[in-house]
Amino acid sequence: METNRQKKIGGVLQKDLAEIVNNFLRDAGINGILISVSKVKVTTDLSIAKAYLSVFPQKHAEEILKELNEVKYKIKHEMAMRTKNQLRKMPDLSFFIDDSLEYIENIDKSLQGKEDPINNPDLLERRKKS
């Protein structure tokens with residue numbers, strides 16, 4: 001269960017991280033890819049922040065994640081500069097792909113087809129818990 005402080009810090013980081021990542025994409029000259037930060041979870045000791053990213057189109061998700069991990073230190077520095085008056089120490093960033101939209105889309109496709117995942121749950125892939 002997240003405390004109110006964790007939720008507030010996660011919200012601040014989410015907003016700033018979305019702007020920084022989109023600026024990074026624009027500066028890198030990458031067009032046609034939309035990235036949104038769907039959730040930022042902060043540990044209880046505020047030392048690690050897990051950022052869940054939704055990438056559209058989904059086929060570019062792994063390469064975007066790889067590029068973001070290569071420039072993670074620059075993103076962390078930019079985040080620290082933006083939140084210096086709100087946080088004493090900037091948490092370490094970890095990026096993950098949020099596959100919830102793809103999972104929901106697979107459920108919708110299955111429900112519209114002949115096979116019903118409600119009656120046969122083995123039709124859908126198991127979701128990884130993080």
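Start by selecting strand S2, residues 48-56, together with S3: the two pair in the parallel sense over 6 bridges. Keep in mind as you click around that this is a predicted model.

Now show side chains for tyrosine 52 and phenylalanine 96. Tyrosine 52 stands opposite phenylalanine 96 in S3. The structure holds 1 aromatic pair, and you're looking at it: the ring centres of tyrosine 52 and phenylalanine 96 are 5.5 Å apart and the planes sit at 25 degrees, so the pair is stacked. Trace the chain from one ring to the other and you'll see that the pair links distant parts of the chain, with tyrosine 52 in strand S2 and phenylalanine 96 in strand S3, 44 residues apart.

Next, bring in S1 on the other pairing of S2. S1 and S2 pair in the antiparallel sense, over 8 bridges. To pick out one rung, select serine 36, whose bridge partner in S2 is serine 54. S1 and S2 form a hairpin, and 5 residues lie between them.

Stop in that turn and select leucine 46, in the loop between S1 and S2. What is odd about its backbone? Phi of leucine 46 is near 60 degrees, a positive value in a residue other than glycine.

Zoom out to take in the whole sheet. The 3 strands form an open sheet in the order S1-S2-S3, and the pairing is mixed. Strand S1 (34-42) and strand S3 (92-97) are the edge strands, each pairing on one side only. Look down the sheet for the twist, which averages 30 degrees from one strand to the next.

With the sheet still displayed, add H1. This helix packs on the sheet and touches S1, S2 and S3. Compare its direction with that of S1, and the angle comes out at about 155 degrees.

Follow S2 out of its C-terminal end for another backbone stop. Proline 57 is found in the loop between S2 and helix H2 (61-70). Which way round is the peptide bond from phenylalanine 56 to proline 57, cis or trans? That bond is cis, with omega near 0 degrees. For context on both of these backbone stops, most residues other than glycine have a negative phi, and most peptide bonds are trans.

Carry on into the helices. Select H2 and H3: their axes come within 4 Å and cross at roughly 65 degrees. H2 and H3 are therefore roughly perpendicular to each other. Show side chains where they meet, with Leu68, Asn69 and Glu70 in H2 against Lys72, Tyr73 and Ile75 in H3. Colour by class and the contact of H2 with H3 divides into 3 nonpolar, 1 polar and 2 charged residues.

Last stop: keep H3, hide H2 and bring back H1. Helix H1 (residues 4-28) packs against helix H3 (residues 72-82) at an angle of about 130 degrees, with the axes 10 Å apart. That angle makes H1 oblique to H3. Rotate until one helix lies in front of the other and check the hand: the crossing of H1 and H3 is right-handed.

Which residues make the contact? On H1, select Leu13, Asp16, Leu17, Glu19, Ile20 and Asn23; on H3, select Ile75, Glu78, Met79 and Arg82. By class, the contact of H1 with H3 has 5 nonpolar, 1 polar and 4 charged residues. Ile75 is worth a label, as a residue of H3 that meets H2 and also takes part in the contact with H1.

Key: Residues are numbered from 1 along each chain as its sequence is written. This is a predicted model: local features need pLDDT of at least 70, side-chain atom pairs count only at pLDDT 80 or more; totals for chains, interfaces and linings use all residues. Side-chain values use heavy atoms; hydrogens and water are left out. Axes are lines fitted to C-alpha atoms, for helices over the stretch in contact, and angles run from 0 to 180 degrees between N-to-C directions. Angles under 35 degrees count as roughly parallel, over 145 as roughly antiparallel, 65 to 115 as roughly perpendicular and the rest as oblique. A crossing is left-handed if the near helix is turned anticlockwise from the far one by less than a right angle, and right-handed if clockwise. Contact means heavy atoms within 4.5 Å. Ala, Val, Leu, Ile, Met, Phe, Trp, Tyr, Cys and Pro count as nonpolar, Asp, Glu, Lys and Arg as charged, and the others, Gly among them, as polar. Two strands pair if DSSP finds at least two bridges between them. Rings of Phe, Tyr and Trp (its six-membered ring) pair if their centres lie within 6.5 Å; planes under 30 degrees apart count as stacked, over 60 as edge-to-face and the rest as tilted.
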